[in-house]
Amino acid sequence: MATTVRELILILQIYFPPELSLYKTLQILGLLIALYPIHRLHLNQQRQPHQPRHTAWLTGISAILLATFRRDDSHGPTWASGTDRSAEFTAHISEDLIGFYSLLGLNPRDLEAPSPRSFFPPARPVLCTSRTSCVFCPPADLNIVPTLRRRERSQTVWLLDNSFNWVQADLLVAHCASCRADYFPDRITYKDDRNRRRQKLEVDCQYIRVSKQGIWVHRRIALFQENALNRFHAGWSNFADWLNASTQSERQLTYRQSQRLFIEHFTRRLLVFTGKAESFTCAAHPSTRLLVQAVREVVGVNGGSFETAMDHGCTECTHVKRYRDDLVDEGFVSGAGHGVVGSAAGNVGNVSDHILQRRSSPALNKSNGRYLELLEGMFKCALDICEGPLVNYKDGRFCQAHLNMTNICGIIPCGRAVRSPGSLTCDIQSHVDWHREYENRFSRLSFAGVQRVLRRQQENDGEGNPELQVELPALGNTPGNEVVHTFRAKNTYCLQTVQWACGYPIGWGKCYRSESLPQVLQILENIWADYPDSKPGFIAYDNACSLLRHIVTQDPNSHWLASTKFIVDAWHYITHRATDLLCHAHGNSHSTRAFNTETAEQLNSWLSGFEPQLRQMSDVNYDFFVHVVMMLYGERVNARIAKKNLELSDEFWAAA
């Protein structure tokens, strides 16, 4: 006969005192169900002769019960009377476990029967907003904000819960009758002043919708996805494969749903990290691409900076500034020890005179190190002079502005129409033949093929460290490696990053055709455009002397000359010419040895693990992804600083 509420009431009356809190009662009840297999081990041991009445199994059950009774779970007092009766009722329950389990409909003496997996059936999840009143409407009568109503009947949806199980759940959407706003578990949709349907994201939501077909995912799954990215550089497709293989469920998380989970989760993380969660809005129920575009426009297009970095400070990247007078008092002789072998005495020219004059009254009272580094970039338009993103990142070659060149011969500067739709060259036979040779060289290029070519070159040459040399035939009088064509999309030259001496990221930008000095300077200008008072005391860069020369040449009154000293990092400084007077006088990193000038190399090493993913992304996804990994790296740096107690102390600020 099935167990009913009558037996449950009897259990509560017999085994649980009235003054025991409800929370502790339910906790003990669930624990006793979990201890059922242990009690069966106790009974099985007692079947042998000469066994004690209280076996070690039963003693262990009593110890666990007593510890649970006395555990403080921050849910109010366990005993309403104030008297601790834990030991008394632990002994009472332990002595009559057979009667307890029998009232639950179990037969503990039937050792062949399987143990129940769970006595309490799992509750069907209900997905609903955590808000109770409208956030847009002002208070009405009696100063009460309009309450939320149920918009429609509940919907049955599929949910990947926090235990990685696919379960059915009930979705209820709240509605404001005054402003017509709809409140979903993860977003709020409303009409703006132009009668457009917009949405605001709930940044602390528990569930995230990953498909308009009613597929939801618990936020804990997104945290696993974040850790997989952070620790193992696993993309959303790899995470979906791992999850599906681990759960072995008939229902699968698709690549597109995994990507949507990634975008939704990190959209909220980025908006909170940049302090723009409250002001961010976008079109209601956007596609994944439109959502990423909206976030990208807020956090940065083709680069960006982090406001949190401008206020960052730790003992690894921030030191009290030392002035010339301080050094003189300690015995420093100005002008001594700065000679260059083979150079004439005196200063290093007009550029140096101007810099020294501008630095005579430093504007900062502390020294901060900022460092630059690069990483190979993404695909762009096949024309070298164009910086536009591709229209088609699967097999496209041109941006939107040059899409008409699809029908023009790919040999530059031919200009003739292609010989047939889908062809890449005109009907000139030499162009057709050259393109055929190009395809034969590159269309089947693989890692195994490259290894084979290198091995054969090494066997023929008999020398180590062979280089992959791909020879193309000449086209007329033009050597094969100098033929200009548009047969495949080009790459941006590099991703340029800027970070503190401790490694905390400040910002980033793209160099399209080369790491030219104007582009590097423009990246610096963009990063500190909104934070002019936060410019660093030092910037370390492998070509800082040329960058400094470029700044002075372009603008002798540049604000960078008054605020920042450009130095060459220690690794690259040894490769600079000793006869470069400007580099020797102003690029020497000797004065910044207290800083780690190789932190950019360390960030670049970490970022290189994401390079295969970044190379295959569209410009929109690329920017979003770089913002995400820079944020994650910054959080790793902050965690390390906090763990090692490297924060700036009150004594530091007093000295500053």
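**Salt bridges in close-up**

Glu264 is buried, and Arg268 is buried too. The views below come from a predicted model, and a search of the whole structure turns up 23 salt bridges in it.

**View A. Glu264 and Arg268 pair up within helix 9.** Here the two buried residues form a salt bridge, with their closest N and O atoms 2.7 Å apart. Both partners sit in helix 9, which covers residues 255–273. Four residues separate them along the chain, or about one turn of the helix.

**View B. Glu264 and Arg268 belong to a network of salt bridges.** Which residues are joined by salt bridges that share partners? The network links Asp186, Arg187, Arg260, Glu264 and Arg268. If you have just come from View A, look again for Glu264 and Arg268, the pair with 2.7 Å between the closest N and O atoms.

**View C. Arg85 meets Glu88 in a salt bridge.** The contact is made by the two side chains, at 2.9 Å from N to O. Are these partners buried or exposed? Arg85 is partly exposed, because its relative accessible area is 25%, a value in the range between 20% and 50%. Glu88 is likewise partly exposed, with a relative accessible area of 47%.

**View D. Arg151 and Glu152 form a salt bridge.** The closest N and O atoms of this pair lie 3.1 Å apart. Arg151 has a relative accessible area of 32%, so Arg151 counts as partly exposed. Glu152 is partly exposed as well, at 33% relative accessibility.

Methods. Residues are numbered from 1 along each chain as its sequence is written. This is a predicted model: local features need pLDDT of at least 70, side-chain atom pairs count only at pLDDT 80 or more; totals for chains, interfaces and linings use all residues. Side-chain values use heavy atoms; hydrogens and water are left out. A salt bridge is a side-chain nitrogen of Lys or Arg within 4 Å of a carboxyl oxygen of Asp or Glu. Buried means under 20% relative accessible area, exposed over 50%, partly exposed in between (1.4 Å probe, protein chains only). Helices (H or I, at least four residues) and strands (E, at least two) are DSSP runs, numbered from the N terminus.
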